[in-house]
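Hello,

Here is the structure I promised to pass on to you. Have a look at it first, and then read on for what turned up.

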Amino acid sequence: MSDELLISLLIVDDHPVVRDGLRGMFESAPGFRVLGEASNGVEAVERAAALDPDVILMDLRMPGGAGVDAIRELTRRAARAKVLVLTTYDTDSDTLPAIEAGATGYLLKDAPRDELFTAVRAAAEGRTVLSPAVASRLVSAVRTPKAPGNEPLSTREREVLTLVAKGTSNREIARELFISEATVKTHLTHLYGKLGVKDRAAAVATAYERGILG
């Protein structure tokens with residue numbers, strides 16, 4: 001497989017044994033290429049700028065630079081890479097800040113190998129990936145914002161949100177609903193405003209919490 005077709009990765013974790021394990025796992029699987037590693041959030045931002053990976057596997061609690069701070073900085077810099085959090089922690093104080101900072105997905109380190117591969121592929125396409133445990137926590141933790149958030153969604157916005165919740169990409173949503181990708185993005189912007197959120201993961205969590213979905 002040519003390098004252009006491979007999903008490139010940056011692995012960020014403060015434990016060398018974890019980095020080695022992940023590198024070995026992805027390098028032995030078809031479709032992936034590990035560009036490099038980082039041991040903390042500060043180093044992760046520097047390495048991401050230098051290597052320009054498709055996906056960053058990011059731990060959260062690391063000495064010398066936390067994962068959430070790195071995600072926030074990558075978002076501020078409009079980095080191309082999608083961040084997939086891979087951690088042992090699924091508490092509200094970990095999950096919500098990571099998603100709010102701009103993480104595309106959130107998985108726990110006990111996720112099966114194939115689930116991790118699938119999640120990285122989905123993240124590379126910009127689709128939201130949440131482990132069931134994390135999704136449940138987000139649903140229960142998200143609260144109605146003070147200001148916007150009570151305006152009802154239109155039928156089309158609900159259709160878009162339902163597809164987003166299934167992990168459908170903007171291109172696939174456009175094809176499914178026979179509209180352009182630009183129109184999909186417009187609907188997303190409107191429903192984000194109505195729900196008082198900033199991204200796909202938070203929109204899905206908020207929609208479940210309010211009973212709009214499910």
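Which residues of helix α7 (residues 155–165) are buried? Please keep in mind that this is a predicted model. The buried ones in α7 are Glu157, Val160, Leu161, Leu163 and Val164. Looking down the axis of α7, you will find these buried residues within an arc of 160°, so they line one face of the helix. Their cover includes α8 (170–177), α9 (181–195) and α10 (200–209). After α7 comes glycine 167, which has a positive phi, near 85°.

Now for the strands. A good place to start is β4 (residues 82–87): five of its six residues are buried, so the strand is largely enclosed by the rest of the structure. Strand β3 (residues 55–58) runs parallel to β4, and four bridges join the two. To find this pairing on your screen, look for valine 55, whose bridge partner in β4 is lysine 82. Between β3 and β4 the chain passes through helix α3 (residues 67–76), making a right-handed β-α-β crossover.

β4 also pairs with strand β5 (residues 105–108), again in the parallel sense and over four bridges. Here leucine 86 is the residue to look for, as it stands opposite leucine 107 in β5.

What about the nonpolar interior? The largest nonpolar core has 28 residues, and the members that touch the most others are Val12, Ile56, Met58, Ile71 and Tyr106. There is also a second, separate core of 21 residues, with Val55, Leu57, Leu84 and Leu107 among them. Two residues from the strand pairings above thus come up again here, since Val55 and Leu107 belong to that second core.

One more residue deserves a look. UniProt, in an unreviewed entry, lists Asp59 for "modified residue: 4-aspartylphosphate". Where does aspartate 59 sit in the model? You will find it in the loop between β3 and α3. Is aspartate 59 buried or exposed? Its relative accessibility is 3%, and a residue counts as buried under 20%, so aspartate 59 is buried. Leaving aside residues up to four places away in sequence, aspartate 59 touches Val12, Asp13, Asp14, Gly67, Leu86, Thr87 and Lys109. Two of these contacts have already appeared in this email: Val12 as a member of the largest core, and Leu86 as the residue opposite leucine 107.

Enjoy exploring it, and write back with any questions.

Best wishes

Methods. Residues are numbered from 1 along each chain as its sequence is written. This is a predicted model: local features need pLDDT of at least 70, side-chain atom pairs count only at pLDDT 80 or more; totals for chains, interfaces and linings use all residues. Side-chain values use heavy atoms; hydrogens and water are left out. A nonpolar core is a set of buried Ala, Val, Leu, Ile, Met, Phe, Trp, Tyr and Cys residues joined through side-chain atoms within 4.5 Å. Buried means under 20% relative accessible area, exposed over 50%, partly exposed in between (1.4 Å probe, protein chains only). The arc is that of the directions from the helix axis to the C-beta atoms. Contact means heavy atoms within 4.5 Å. Two strands pair if DSSP finds at least two bridges between them. A crossover is right-handed if, with the strands pointing away from the viewer, the path from the first strand over the helix to the second runs clockwise. UniProt positions are given in the numbering used here, feature names are shortened, and annotations may be inferred rather than shown by experiment.
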